[in-house]
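Reader: I should be grateful for a close look at one part of this model, namely the charged side-chain pairs and the elements that carry them.

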Amino acid sequence: MDFLTSEIINKAAEFLQEKFPVSPKVGMILGSGLGPFADAVENSVQVMGKQVPGWPESTVEGHVGRLVCGTLEGVPVFVMQGRSHYYEGHEMTRLGLPVRVMQKLGAEYLFVTNAAGAVNPNYKAGSLMILNDHINLLGMAGVNPLRGPNLDEFGPRFPDMSRPYDKELIKFAHNAASDAGVSCHEGVYICLAGPSYETPADLRFLRMIGVDAVGMSTVPEVIVARHGGMKVLGISGISNKANLDGSTITTHEEVMEAGRVIVPKLTSILRGVLKRL
Ligand code: HPA
């Protein structure tokens, strides 16, 4: 099994520490099609993830796999332009490495974004949802990023998950959205393994158990972040209407296209939250 160890984490963290100009206060992970946000980072140093020892490589279009460190709104940030997913073949435990490295480099906050399908029938493509909770369906089935020997230096064996998303950050995000004139939903996200999208029956099941938006990421990263005591903000860019009655199809192209509409809105919200930290 590919459990994360302190040696693996330290090696990756030391590699980046030598290259990065600042110690990040905020780690950010940008989802499908949302990568262009990283262009806003000032005085940045960029490193490709695949250069970093042990880094889970990103192979999907829309996830360039670049790590950008610099400042935004005067706050030192470490931005991952694209992420890796379970469906690419990585062990769930390995997907926790980037967040562990952020923690080692000193980040106190994780801002995580993703592209997601709307399960809530009131959500439209191009809108945004601030996460107020998630369902860890894969974890319930045994696939948890914290599986294996506990890393006591980061957190306890049985970490609390009663507050996965920080209430104050949620408030900041709503305030930043209203300042920018952007309307924002708030709801529950679920991570499925993918890469196949959901059947109409899958989606009716998800709606029944209380899901608002569905994707293939984020939850593993948030669990590792919370285990290590980071405060988390999660935002989904709603890229497509879920197909509850089978009348439409879902494609990666439409997910990428929606990203272009979502990036400017997401940029103003994330900048607004950084200003409020
Ligand atoms: N389902 C799962 N993941 C997704 C979707 C979806 O409809 N859209 C973007 N990521």
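Reader: To begin with one partner of such a pair, does Glu-221 count as buried or exposed?

Author: Glu-221 counts as buried, at 6% relative accessibility; buried means under 20% relative accessible area, exposed over 50%, and partly exposed in between, with a 1.4 Å probe and protein chains only. The model is predicted, so local features need pLDDT of at least 70 and side-chain atom pairs count only at pLDDT 80 or more, whereas totals for chains, interfaces and linings use all residues. Residues are numbered from 1 along each chain as its sequence is written, and side-chain values use heavy atoms, with hydrogens and water left out.

The partner of Glu-221 is Arg-83, and their side chains meet in a salt bridge with an N to O distance of 2.8 Å. Glu-221 belongs to helix H6 and Arg-83 to the loop between E4 and helix H2 (97–104), so the contact ties together parts that are 138 residues apart in sequence. Helices (H or I, at least four residues) and strands (E, at least two) are DSSP runs, numbered from the N terminus. A salt bridge here is a side-chain nitrogen of Lys or Arg within 4 Å of a carboxyl oxygen of Asp or Glu. Arg-83 also counts as buried, at 1% relative accessibility.

Just before helix H6 (219–227) comes the loop from strand E8 (213–215), and Thr-218 lies in that loop. Thr-218 has a positive phi of about 75 degrees although it is not a glycine, and at 0% relative accessibility it counts as buried.

The whole structure holds 5 salt bridges. Another of them joins Glu-73 and Arg-271, whose closest N and O atoms are 2.7 Å apart. This pair links distant parts of the chain, 198 residues apart: Glu-73 is in the loop between E3 and E4, and Arg-271 is in helix H7 (residues 252–276). Glu-73 is partly exposed at 28%, and Arg-271 is partly exposed at 24% relative accessibility.

The setting of Glu-73 merits attention. Strand E3 (66–72) and strand E4 (75–81) flank its loop, and the two strands form a hairpin with 2 residues between them. Within that turn, Glu-73 has a positive phi of about 55 degrees, although it is not a glycine. E3 and E4 run antiparallel and are joined by 7 bridges; two strands pair if DSSP finds at least two bridges between them. Cys-69 stands opposite Phe-78 in E4. E3 also pairs in the antiparallel sense with strand E2 (residues 42–48), over 5 bridges, and Val-68 in E3 is the bridge partner of Gln-46. Because 6 of its 7 residues are buried, E3 is largely enclosed by the rest of the structure.

A further salt bridge is formed by Glu-153 and Lys-104, with the closest N and O atoms 3.2 Å apart. Here too the pair links distant parts of the chain, 49 residues apart, with Glu-153 in the loop between helix H3 (137–140) and helix H4 (167–179) and Lys-104 in helix H2. Glu-153 counts as partly exposed at 47% relative accessibility, and Lys-104 counts as partly exposed at 33%.

In summary, Glu-221 is buried and so is Arg-83, whereas Glu-73 is partly exposed, as are Arg-271, Glu-153 and Lys-104.
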